[in-house]
Structures are given as C-alpha cells and as structure tokens.
Amino acid sequence: FPVTIAFVDYWWLYAGFTVFVLFMLALDLGVFHRKAHEVSVKEASIWTAVWISLALIFNFIFYRYALWRFSTDERYLSIPNFDPAAQAQTSALEFLTGFVIEKALAIDNIFVFAVVFSYFAIPKIYQHRILFWGILGALFFRAIFIAMGSLLLAYNWVVIFFGVLLILTGIKMFFAGSEEQDLDKNK
C-alpha cells in the first residue's frame, strides 16, 4: 500500500521547500528582473530551462532523501513486504507527475495571459512584473483556498452543493452557444 512522507513528521522538509521557492521568486524579481524590460523568446526559453532544471534537481534530491528515509526508518521497515527503493521511486514519480501537470496547465494559462494583456494593452516591458505578482497572488490564494477547501469538504453537504453547481455550470455552458461576449459589459 502507498506510503507518504507525512507532513506532521517532516514539516521542516515542506517548510524548507516553501522557503526555497519564495527565495527563488524574490531572486527572480528582485535581482534578475529588477529593471523592467521586454523579455525576448531567447530569455524566456533560458528561464524556462532554468526552472525545469531546478525542479528536476529537486526531484532527484527528494528521491535520494526518500530512499534514505524509507531505508532507515523502522516505521516503514516494519511494514510487511515494504520495498524502500520502490516507495522512494513512487514518491519521486508523484512529484514529477504533479510538476508535469502544472507545467501543462501553465501552457494553457499563457493563452489566457496573452488575451488579457492584449485586451488591457499592457506594454511588453511590464508583462513580466505583472505575471510575477499575479503568480505570487495565485500561489497565496491557492494555499488559502486549499486550506479552506480541506476544512469544508469534511461536510457532505458542501461536496453535494459544489457538485450540483458544477453540473449546472456545465449545462449552462453547453447551451450557451458560441456567440461573442461583450467584455465591456462583463462584471
């Protein structure tokens, strides 16, 4: 059965990861992009490679840590037929899967950003800064909403309410048609 590295036991690992991500975001805006400039395709490609490389390096370090932890902790070794190497590989693969899914979703967001920037006529020189603060805000609010959601989902009526809401939204979208929306009148 699957084994996880529990938050309660290894909160410092999660806190360290969060501090590292926040540090890298601060470094990105405060050092590398201190002065607003138009980001070229070459620069964007280099930064993309840097961020993906950091994620893969973290994944390798996480795998090595999980292998060490699963191989030395008696709580895990006392589980019948427990394979520390297989579990470490599964844990690292779960991180990598989450990263790839988030990267795929980020590609989708690029098109949304392009539409929003075009609609509001945001100069290219300021787009990186706006994206940075937007992403930071999204991370902040995502953490809040995940925490609130984990508390609210303990109540069955909340799950039913949001399930019905999603179904009704899907039905509305299905019958809405493909007519152009007037964004000036959009609340």
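Tutor: Let's start with a term: buried means under 20% relative accessible area, exposed means over 50%, and partly exposed is in between, using a 1.4 Å probe and protein chains only. This is a predicted model, where local features need pLDDT of at least 70, side-chain atom pairs count only at pLDDT 80 or more, and totals for chains, interfaces and linings use all residues. Residues are numbered from 1 along each chain as its sequence is written, and side-chain values use heavy atoms, with hydrogens and water left out.

Student: Okay, why is Y76 called buried?

Tutor: Its relative accessibility is 6%, and the cut-off is under 20%, so Y76 counts as buried.

Student: What makes Y76 and F82 a stacked pair?

Tutor: Rings of Phe, Tyr and Trp (its six-membered ring) pair if their centres lie within 6.5 Å; planes under 30 degrees apart are stacked, over 60 edge-to-face, and the rest tilted. Here the centres are 6.1 Å apart and the planes sit at 25°, so Y76 and F82 are stacked.

Student: And how do you know that F161 and F162 are edge-to-face?

Tutor: Their centres are 5.1 Å apart with 75° between the planes, and over 60 degrees counts as edge-to-face.

Student: Why is F161 called partly exposed?

Tutor: F161 has a relative accessible area of 46%, which lies between the two cut-offs, so partly exposed it is.

Student: What makes N81 exposed?

Tutor: N81 reaches 83% relative accessibility, and exposed means over 50%, so the word fits. N81 also has a positive phi of about 60° although it is not a glycine.
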